[in-house]
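The report below is meant to be read alongside the sequence and the coordinates, which are displayed first. It moves from the whole chain to a few helices and then to single residues.

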Amino acid sequence: MIEQLDMILGNDWPYTAIAFVVVVLLIAMLLVYRRERRGQAYAFEKLAFSKTQLARQLHSSASDTRAMLDQASLVVMVFDRDAITLRFANRQALELFGCRTVSELSEMVLMRPDAWQPEPFTLIDFENWILRARIAGAEPREWLFTDAQGNGVWVEGTIGNTVFEGRAAQILTATNIHSFKIARSADQLRTRSLVGINNDLPIEQVLESLSKLISVRCMGAVGQFSLYDEQRGVLVNVGTSSFAMTLKECLPSVPATYGATSIGTAAHTKERVVCESVGSDHRWQGYTHLLMKLPFSSAWSEPVIGQNGRLLGVFTVFTPRPQRPDAEYIDTLSSIVSMAGLAIERKTWRESLESAASSEAFIRRLGVEIVNLPTGHTFVAGLTMLLQKVLHQYELGVVSLWERAVDKDDLLPIAQVSQSAGQLASASQTEFEGRHAVDSDTLRSSLGQGPYQYLMPDESVYQALNPGTDPKPVLALPLYSDADKNELIGVLVVQSQFFYVPQGIIEHLVVIGTIVRTALLNNRLVKTLSTTADLEKQQRHKLESELAVARSIQMSMVPGAGTFSECYKDWTIEAWLQPAKAVGGDLYEFIRLQNGKVLLAVGDVSDKGAPAALFMARTVSLLNYLARTHSGDLSTIAQLLNDELCRANDACMFVTLCLARLDIGTGDISWLNAGHSAPMHLGPSTGALYWEGDSGPPLGLYEDVTYSSNRATLFPQETLVIYSDGVTEAFNSQSEEFGDERLLQAGNSVSMSSGAPILLLKESLARFTGPAKQSDDITIMTIQHHGVGR
């Protein structure tokens, strides 16, 4: 084969073969290379196609994720994990903050510290939350954001680590829990307020809790209560918050008049007042200094009205920007005002009860002190000191007492106390001498028939009675000699520190006026008796006339001045008192009580003459006071009367007394005997008989004695006779005593007669005594029940 090749190719064929092989190899390698390049190009084309498809798929996935998050009901925000940069916010997040794009939300809200609520969270707090979540992986929290309208919005959110669009990120998902949060906070505040009201916490503390309700409803808004001071006619701002303290410093009180801010206007009109923009509202004109210290833009004032329609205060909402309250705000306001009214009225009721209890104890002590005032030249000084106590107890401005002399028709001031700048002062004698007298008839016509009367500056007697220099109303309480208002003996004049005297205090002053009246009567009696004694030494012939005046004064202390008659349906109550001397120690009393009951009394003081008259006057005064303050409780009245008469009773005087409380509707009668003669009962079937019940010792002898009462019923055609021992111990010319048996005989005659019992008894007694001189005071009281018999 080789040889054949050598023949064909010659001797150089090996080299040619090698070249040929090389060429073939090169061609083969070229073919392989081209094939490989063609495969690589195909692979590159396939890879490029795959990348394009992947990019398209990734873009589609991101779009789907964003669309899905936009459709979610949650608020979603995505941040870079390495830097707190907002990458994505869904539609709910943008709408919450009022932004159109993610960049606007990031730049205008999240990254601006002044766009956050001042409390409780700041931008730094939010950044710290994100950092803690980055370390922990996830952290849930409740958070307060600021919405597009500038209001706070509570959310319950969680920040966690995630991957968003192929990059490490942190995602915030939050649920709007604002309504739930606000409702829960409001319920807690309402519950706290109700518990405070029920537990009688200080009213300022309760109102402070109620004020926070409006702050929960509207972030940035402030609630403020202003309590109404009725005496001064102003609203006093209360509260302990910084806003309230600044308001009280700039505006301690607001007049309850129209135009005095929305607060005073609401108090005046008793209607809601809304000032949408206080800067341009005429009701806030003149309060620029307040607007500068407390920047607020609107004020809504709602009056707090009590159950009886009385103004209690005003609740005002101050907001940082101009706005009007919507229906939800108005519901919140109404709820706050209703609870505030309950709290204020509860406080008022509690204070009224405490004041009534304190005043009752004060009046009881004052009554005892006034009744026991020493007579004579120290009487006015002692009375002035007691008027100072009245002034201090009721925080009055001026109190003065005017008295009519026995022999004159004009009234002149005898005592006056005033309070100026917290200091008590008494009027001097020079000031009294400079005052003009007031005619009693003129004053009586101005006072009318009531227990008190306000006198205004335009009335004729105002200038004379006005105890101060301020042209404020004057409260005048007339003092009459008896219940029938026959004689005006004085007037108690009162002026408030502010304007009017509260009604509750007026009622207490009326009672005090009754006690002062008794003291004036006692002093007049003593002065008359003293004057009579002095004149007896100098002018014996004037004794009868002076004693007649004393007798008149003493007799004026018993109803009807010694001859009394009171008629009701089916009832006649009559009394007759005849002193043995010009003045004596017998007494009777008729006092109207509540619920159709009357208190009746007949008493006999030991000894005769002036000492007995003074003791009798003291007894009548105390009896009147105790009967009214203890609602006719016979045992209590007798016990307290005995204790007071025992006090400073160096002369060991005493009084026997028969007390009875009659129900004119039923005829039921309770009676109590303190060492007195037994009452006599007259009936058509029983005749005359003595009621022998439980009896106690006379009043004024023994301390700490208790008395028990007896009960009976007066039926129609029956009569009860209460009398003093001057009846049974009356003597005739033969020195014979009338006695108990003759009294029973006279009673039997009366029970069978249709005439007036008291007249028949007086006639029987007069026939027996004849011309004999009366040796003892005589008192007879008859209680006759008319109508159809049993």
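What follows describes the overall make-up, two helix pairs, one enclosed helix and several individual residues.

## The protein as a whole

The model is a predicted one, and every value given here should be read with that in mind. The protein contains 22 helices and 30 strands, and of its 790 residues 47% count as buried. The accessible surface comes to about 39,100 Å², and carbon and sulfur atoms account for 54% of that surface. When contacts between residues at least 6 apart in sequence are considered, 60% of them join residues at least 24 apart.

## Two helix pairs

Helix α18 (residues 609-629) and helix α19 (residues 634-646) form one of the pairs considered here, with axes that come within 10 Å and cross at roughly 140°. That angle makes α18 oblique to α19, since an angle has to be over 145 degrees to count as roughly antiparallel. The crossing in which α18 passes α19 is right-handed. On the α18 side the contact involves Phe615, Arg618, Thr619, Leu622, Leu623, Leu626 and Ala627, and on the α19 side these residues meet Ile637, Leu640, Leu641, Glu644 and Leu645. Sorted by class, the contact of α18 with α19 comprises nine nonpolar residues, one polar residue and two charged residues.

The other pair is made up of helix α21 (residues 739-751) and helix α22 (residues 757-769), which pack at an angle of about 140° with their axes 10 Å apart. These two helices are therefore oblique to each other, and their crossing is right-handed. Helix α21 contributes Arg742, Leu743, Ala746, Gly747 and Val750 to the contact, while α22 contributes Pro757, Leu760, Leu761, Ser764 and Phe768. The residues of this contact of α21 with α22 divide into seven nonpolar, two polar and one charged. A general point helps in reading such lists: an α-helix has 3.6 residues a turn, so residues three or four places apart point the same way.

One member of the α21 side can be followed more closely. Ala746, which lies in helix α21, is buried, with a relative accessible area of 7%, a value that falls under the 20% cut-off for burial. Apart from residues up to four places away in sequence, Ala746 touches Leu761 and Ser764. The C-alpha atoms of Ala746 and Leu760 are 8.0 Å apart in space, although 14 residues separate the two in sequence.

The loop between α21 and α22 holds Ala756, which is partly exposed, with a relative accessible area of 27%. From C-alpha to C-alpha, Ala756 and Thr572 are 9.2 Å apart in space, and they are 184 residues apart in sequence.

## An enclosed helix

How many of the nine residues of helix α9 (residues 261-269) are buried? The number is seven, so α9 is largely enclosed by the rest of the structure. The buried residues of this helix, α9, are Thr261, Ser262, Ile263, Gly264, Thr265, Ala266 and Ala267. The cover over the buried residues of α9 includes the strands β6 (222-229), β7 (234-237), β8 (253-255), β9 (273-275), β10 (298-305) and β11 (311-319).

## A strand residue and two loop residues

Ala168 has its place in strand β5 (residues 167-176) and is partly exposed, with a relative accessible area of 37%. With its neighbours within four places in sequence left aside, Ala168 is in contact with Asp80, Arg81, Arg87 and Thr162. Asp80 is 88 residues from Ala168 in sequence, yet the two are 6.6 Å apart in space, C-alpha to C-alpha.

Two loop residues, neither of them glycine, have a positive phi value, namely Asn595 and Ser735. The table sets out where each one lies, its phi value and its accessibility.

| Residue | Loop | Phi | Relative accessible area |
|---|---|---|---|
| Asn595 | between β21 (586-592) and β22 (597-605) | near 60° | 67% |
| Ser735 | between α20 (725-728) and α21 | near 65° | 55% |

Asn595 is exposed, and Ser735 is exposed as well. The loop that holds Ser735 leads from α20 to α21, and α21 is the helix that packs against α22.

Notes:
Residues are numbered from 1 along each chain as its sequence is written. This is a predicted model: local features need pLDDT of at least 70, side-chain atom pairs count only at pLDDT 80 or more; totals for chains, interfaces and linings use all residues. Side-chain values use heavy atoms; hydrogens and water are left out. Axes are lines fitted to C-alpha atoms, for helices over the stretch in contact, and angles run from 0 to 180 degrees between N-to-C directions. Helices (H or I, at least four residues) and strands (E, at least two) are DSSP runs, numbered from the N terminus. Angles under 35 degrees count as roughly parallel, over 145 as roughly antiparallel, 65 to 115 as roughly perpendicular and the rest as oblique. A crossing is left-handed if the near helix is turned anticlockwise from the far one by less than a right angle, and right-handed if clockwise. Contact means heavy atoms within 4.5 Å. Ala, Val, Leu, Ile, Met, Phe, Trp, Tyr, Cys and Pro count as nonpolar, Asp, Glu, Lys and Arg as charged, and the others, Gly among them, as polar. Buried means under 20% relative accessible area, exposed over 50%, partly exposed in between (1.4 Å probe, protein chains only). Accessible areas come from the Shrake-Rupley method with a 1.4 Å probe; for residues, only the protein chains shown count as cover.
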